[in-house]
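Reader: I would like to go through this structure with you, beginning with its symmetry. Could you take my questions in turn?
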Amino acid sequence: MNKFLAASVSPALYATKANARIFTLSSTEHNIEVGNWKIDSTQLGIIDSFFSIEQKILHGGKQEGSKIIILTSPNGLTITLSPTRGMSIMNVTGQDIRFGWDSPVKEVVNPTFINLESRNGAGWLEGFNEMMVRCGFEWAGHPGIENGEMRTLHGKAGNTPASKVEIEISEIAPYEIKIRGLIKESTFKKADLQTVAEICYIPDTYSFTIHDRLTNHSDYPRDYQIMYHSNFSKPLLEKDAQFVAPIKEISPFNDYAHKGLQDWATYLEPTKDFDEMVFNIVPFAKNDGSTLAALHNKDGSKGVTIEFNIQELPYLTLWKNTDTEKQGYVTGIEPGTNYAYATSIEREQGRIRQIESEQTVHFKIKYSALMNKEAVDKAKKAVADIQGAQKTTFVHTPIAKE
Amino acid sequence: MNKFLAASVSPALYATKANARIFTLSSTEHNIEVGNWKIDSTQLGIIDSFFSIEQKILHGGKQEGSKIIILTSPNGLTITLSPTRGMSIMNVTGQDIRFGWDSPVKEVVNPTFINLESRNGAGWLEGFNEMMVRCGFEWAGHPGIENGEMRTLHGKAGNTPASKVEIEISEIAPYEIKIRGLIKESTFKKADLQTVAEICYIPDTYSFTIHDRLTNHSDYPRDYQIMYHSNFSKPLLEKDAQFVAPIKEISPFNDYAHKGLQDWATYLEPTKDFDEMVFNIVPFAKNDGSTLAALHNKDGSKGVTIEFNIQELPYLTLWKNTDTEKQGYVTGIEPGTNYAYATSIEREQGRIRQIESEQTVHFKIKYSALMNKEAVDKAKKAVADIQGAQKTTFVHTPIAKE
Amino acid sequence: MNKFLAASVSPALYATKANARIFTLSSTEHNIEVGNWKIDSTQLGIIDSFFSIEQKILHGGKQEGSKIIILTSPNGLTITLSPTRGMSIMNVTGQDIRFGWDSPVKEVVNPTFINLESRNGAGWLEGFNEMMVRCGFEWAGHPGIENGEMRTLHGKAGNTPASKVEIEISEIAPYEIKIRGLIKESTFKKADLQTVAEICYIPDTYSFTIHDRLTNHSDYPRDYQIMYHSNFSKPLLEKDAQFVAPIKEISPFNDYAHKGLQDWATYLEPTKDFDEMVFNIVPFAKNDGSTLAALHNKDGSKGVTIEFNIQELPYLTLWKNTDTEKQGYVTGIEPGTNYAYATSIEREQGRIRQIESEQTVHFKIKYSALMNKEAVDKAKKAVADIQGAQKTTFVHTPIAKE
């Protein structure tokens, strides 16, 4: 172990496993919270790559006490996530690319300041500014009452601080980094859904993978829902930017989206009074269930692919929020177990899944930055290959009314 | 004063009274918060006993910033309580005995993460894992609307951080220890109920006493309710474990409990789909009002008694939650001023008490660990002595419908 | 720069502008939070005045983590405000005068402990104890439902921690001090109202000015409301204390206030069961819109004036809460853009203002302590001069029913 290590990382619980080092930044079980913390590859004795991982405690306003973790890659990419906000990815930036968007909410809002029940169940909007936020797991989707209880917008995971935060760094090139947090939705009588929410990144690459493991620690089967609300704006989103995916069926979320069905796959410039249009998509996939969706800019020189598996995440919600820039010019590409309707509708239409006692379900999503035309073209070809000659069914009437 | 004292406890406000030392760990009035803190009997110059008291700040997840105080006795008993959670007793453990239970909620949840109004007024369940939590004092019982306002499940006291925390240690053997916190339920126009919530323990003994003093600081008489929600599981609770109390009248809380009236006093093993059965009890007492309830394991070798006075706490709620272990296998023995029905029902049936302006009402409850068969038998005899030849009335129909 | 300065204020972001020094105590943008901090005029090299400004972090109970800033003037006046509670002024004291009152809520409650939606939208009452709290800006007034969303009592500003806190001290006599905080009401889809809430004070004087700048950072025009809820008790409020203002029209807020219309401008001693009477006032003003309201004690030897401009704040609410002392013996003088009715009523009656995209609206209010009869008489004359021969219309029927 490098001699600097002991000094610089002493507050973190430190462990090793085969060819990897594990740093525990936070743990309710061991009462650990390292606070401000930083490590870089040099301190790990790595000389053929340079990366760093830093945890910062944020201050002021409604972000008082919020934590962020910043992973900096040798290629200039920076991934910022927040343990306080359910391991959400705040943004990914670098090299003229950006995953994420500009919300009017600028702070990394500490959930202690959020009342999810406020605004008729839409209090979630007071903290929403992430590049990727998990909508789940006890429930997801739009607010609504079920059994007398308010199912608040997009669930609680994104406003639940991680009960354990670990960083695992491989000691062998290419030094894969895993940052994982334990998100507990544990309520007496109601649920004990615990998710190990992990991001994996190999330094110097242009993609990262989310690998979540949801376990039902209750003795009873429980409902669950999850939507990976993945949000993009400039430089990927712009007038005539394009959404691409192999599609079996698409339907407008509501009457307003119905009006936008004709050119649903292309985007407008920031447009006053556009508000949002949402489309429900059933994707096609390869035989093994794997599929992808992509977004690219107008000239196809930059983009993002989101790879997932329809066995895990059979539905895809496309959220087009091309309103003005200050209003939040953004599109959401959201693979999920369901659509964004209120839980009662999702249940009625049979999209609520159950997880057995002690069962663990996995969700993997790979996000890749497409840095040039070649990469974009390759992604489009991958989509076309899956679609093949299969037709897309356009359902013109919304499948549900909220 | 022992020379180590000054150094080790300097952040605490320190005072003496006749034959006792008082340490102020927290005070809104004097802006004191000692954070992590520990003292032991050696530091107090005590050489014929060894005990310690420690305050710890907890970290991670939803327990970020929560405080616990751990009292360790020479006999191995450890009492853990939480100033952040209304001076609730988290658990009492040692010597093969345990008061408390295993909730799916594992963290000492900071009330900043709790929304009592969520889940239709049952947000309290997101933090419920205590051995003893005060349900009160502005209201208690099940959620319901009164005058347009939601009376949330079991009131606010258990999710109110103490405004003053003091530890008083007698300098004279047997060195009685008092840990008390001030719980303020002060809301403009509504209430100014302030409770000095105290636990008294004599090192090396197997019992402790709760002594609460509720004062109405308002100029108006106010309603109040209190139920001492005292919870036990293994090793006391098991198949054929027994509840014992001198009973004047018992009724099932609802239709489901009605089905369990026949063997209401014995317990099942962890039982799937059992959920909970609740019974309302009017206890008999001695002429001075003193009475007790007891729980013991199947072979009567271990148990607990809860001694209280029916002038202070005339009703007893028995909560049998012998569902599966992970669901929370637990029974609650809850002396109170009322039953657990919604406030509107309690009011209608005349069980809501009033406290005059500047009046102080006292509540004393003694919890004793019964460490062997002799102690259990003695408790059973005490119950039988109070019951004597008096009959128990079984009311078969629930007295109210929620 | 004084040599002590560097050491004592190093954690604060330090800047200068022409003839002034600026200290940043908190900033979400620069991730600054200085915590406990103090500066005095000596450290600034000022030798002909002595004042100090101190920030304190509060501890215990529901004020854990709350911040207050205390400005101490050479004349003995002390102004205390709270960045955590929306830059509210907690109180102003000194020299036998006091602005402020005694609420049953004694702590500077951290908004993390407040649920504004609780108590049917009146959760605000659990933290209310300020001398001046801003009711606004997204909404103000009494709770009510609009478009399915609860508009909670008096809005969110008073329970929003400042995102930036700056202290600006002029280096030129008389050393004007400005303390300002940025209050952000930013919610995706809903609002991006940002207010620079500033207090200006010149050491050794007996008055201070609030100067707020509300900017709509959204691309859409937005509704806003603001009431400056300014509260006074003893020694200004007492039996036969007097409210004075030039009044065009006055109406009782409700049927109960109607009963008090006859002697609406004088006060009772602390009076059991008085509860509160509220009056809606349209003030007269000078041609430039400037006007004032005043409160003075019985013998006219002490008082306060509140100067404002009806172009900014056209309405005045008088809140007479002369109930018992422990209940909160207090009167509120509240210049605003509206009355205290629920938003739906204010909208119906045309009192909700709109702010254009990127527009900034200013609000200035000057509070002056009247330290003797001469000052009180001068204030009364100023009121009489504005009223002149103009008549006051008494509307006897409440203009709205809640």
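Reader: Which residue of chain C comes closest to the rotation axis?
Author: That residue is C:T112, whose C-alpha lies 3.0 Å from the axis. This is a predicted model, in which local features need pLDDT of at least 70, side-chain atom pairs count only at pLDDT 80 or more, and totals for chains, interfaces and linings use all residues. Residues are numbered from 1 along each chain as its sequence is written, chains are lettered from A and ligands numbered from 1 in the order in which they are written, and side-chain values use heavy atoms, with hydrogens and water left out.

Reader: By what turn can chain C be laid on chain B?
Author: A turn of 120° with a shift of 0.0 Å along the axis lays chain C on chain B at an RMSD of 0.0 Å (least squares on C-alpha atoms of residues with pLDDT of at least 70 in both copies). The two copies are thus related as by a three-fold rotation axis.

Reader: Turning to salt bridges, how many does the structure hold?
Author: Over all chains there are 92, each being a side-chain nitrogen of Lys or Arg within 4 Å of a carboxyl oxygen of Asp or Glu.

Reader: Which residue does C:R134 meet in a salt bridge?
Author: Its partner is C:D212, at 2.6 Å from N to O. C:R134 belongs to strand 10 (residues 132-137) and C:D212 to strand 16 (residues 207-216) of chain C, so the pair ties together parts 78 residues apart in sequence; strands are DSSP runs of E, at least two residues, numbered from the N terminus.

Reader: Is C:D212 buried or exposed?
Author: C:D212 is buried, at 0% relative accessible area. Buried means under 20%, exposed over 50% and partly exposed in between, with a 1.4 Å probe and protein chains only.

How values were computed. Helix = DSSP H or I, 4+ residues; strand = E, 2+ residues; numbered from the N terminus.
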